[in-house]
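I opened this notebook page to record what I looked up around the ligand and in the chain as a whole. The entries follow the order in which I checked them.

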Amino acid sequence: MKILGILGAHRKDGLTAQMLANVLAGVPAPHTTEMIYLEDYDFHPDQVGKRDPVLDQLTDQLLSSDVWVLAAPTYWGGLSGRMKDFLDCMRGRLVRFDHQGGTHPDRFENKHYLSITSCYAGKLENFVAGITDGSFRTIDKIMSAAGVIKINELVLPGTLFMKQVPAAKQAECKRLGSKLVTKPKRDDNTMKRYIELFCMVAVMAFLTMGIQFLFHLIYASDFWLIYASFVLIFFVLLASILHFFTVVKHRRR
Ligand SMILES: Cc1cc2nc3c(=O)[nH]c(=O)nc-3n(C[C@H](O)[C@H](O)[C@H](O)COP(=O)(O)O)c2cc1C
């Protein structure tokens with residue numbers, strides 16, 4: 001298996017680069033790693049009838065690897081310009097367009113990725129304000145359109161006076177790097193899980209209200225109306241909060 005690190009940062013030896021290097025260092029042999037520093041590549045968007053040769057070369061590298069590690073600092077509350085420009089230029093290669101301009105996964109479908117970002121904002125500020133959310137969200141949106149599957153994300157907050165990635169973070173990077181070669185398969189059970197959750201809520205609510213009814217805490221005339229509305233409202237709220245914590249909320253510390 002081949003792991004490809006892609007760095008879109010102003011500094012080739014900065015903290016984001018160190019995070020990426022530690023992830024790649026954790027990849028066990030005989031699996032191989034490669035690193036692309038985007039500043040070294042003079043790519044431009046493809047023109048009609050003229051494909052950009054540098055993008056061709058980068059496309060080959062992306063195609064020949066199994067897992068991409070996308071590393072870019074957070075600039076102005078979003079993904080670094082170099083990484084964003086790279087992903088923008090790659091748009092026509094990452095996705096296939098239908099007749100109505102809709103995008104569909106193409107050649108990169110079912111590859112995997114890990115995203116990394118860093119920011120000056122401290123752990124607490126990032127946890128509360130989600131400074132790095134924009135960077136992760138941009139990567140996730142593009143990878144999702146391309147059908148590339150997310151493995152995990154790594155964040156390094158509090159970089160203002162930092163010279164080197166702290167030992168604990170380095171260890172976390174290496175640990176994640178070692179797991180990249182056992183990447184999970186695409187999880188297509190989301191709908192099944194929500195249906196299971198609905199059934200669990202319905203059964204538990206029925207048992208709870210049954211007990212309340214036995215102790216004369218609710219009346220038989222109201223039972224089914226209260227039961228149906230409770231199950232519906234409780235399920236929607238529970239599903240929303242689960243969706244927020246498992247899908248929307250990004251790693252912030
Ligand atoms: C143009 C620019 C914009 C930045 N914007 C933010 C920001 O909005 N919030 C933040 O916390 N840090 C911001 N930073 C700090 C970077 O996120 C921080 O320097 C990064 O961790 C450095 O990564 P590096 O060592 O790999 O270069 C900015 C830095 C630059 C150069």
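Before sorting residues, I noted the classes: Ala, Val, Leu, Ile, Met, Phe, Trp, Tyr, Cys and Pro count as nonpolar, Asp, Glu, Lys and Arg as charged, and the others, Gly among them, as polar. I also noted that this is a predicted model.

Entry 1, the shell. I looked up which residues surround the ligand and found 15. The closest are Arg11, Thr16, Thr74, Trp76 and Ser118. By class, the shell divides into 8 nonpolar, 6 polar and 1 charged. I then asked which elements supply at least two residues of the shell each. Helix H1 (15-25) and strand S4 (74-75) do so.

Entry 2, polar contacts. I took N or O pairs within 3.5 Å as the cut-off. For Arg11, a side-chain N or O atom lies 2.6 Å from an oxygen atom of the ligand. For Thr16, I read 2.7 Å between a side-chain N or O atom and a ligand oxygen. At Tyr120 the partner is a polar backbone atom, 3.1 Å from an oxygen atom of the ligand.

Entry 3, cover. On its own the ligand has 640 Å² of accessible area, and the protein covers 78% of it.

Entry 4, the site. I checked which pocket the ligand occupies; its space is the second largest pocket.

Entry 5, domains. I turned last to the domain assignment of the protein chain, which gives domain 1 (2-182) and domain 2 (190-248). How far apart do the C-alpha centres of domain 1 and domain 2 lie? I recorded a separation of 40 Å between these two centres.

Methods
Residues are numbered from 1 along each chain as its sequence is written. This is a predicted model: local features need pLDDT of at least 70, side-chain atom pairs count only at pLDDT 80 or more; totals for chains, interfaces and linings use all residues. Side-chain values use heavy atoms; hydrogens and water are left out. A residue is near a molecule or strand if one of its heavy atoms lies within 4 Å of it. A polar contact is a pair of N or O atoms within 3.5 Å; within protein, one must be able to donate a hydrogen and the other to accept it, and residues adjacent in sequence count only if both atoms are side-chain atoms. Accessible areas come from the Shrake-Rupley method with a 1.4 Å probe; for residues, only the protein chains shown count as cover. On a 1 Å grid over the protein atoms alone, a cavity is a set of points where a 1.4 Å probe fits but cannot get out, and a pocket is an open set with protein on both sides within 12 Å along at least five of seven lines; lining residues have an atom within 4 Å of a point. A molecule sits in a cavity or pocket if more than half of its atoms lie within 2 Å of its grid points. Helices (H or I, at least four residues) and strands (E, at least two) are DSSP runs, numbered from the N terminus. Domain bounds come from an automatic or database domain assignment.
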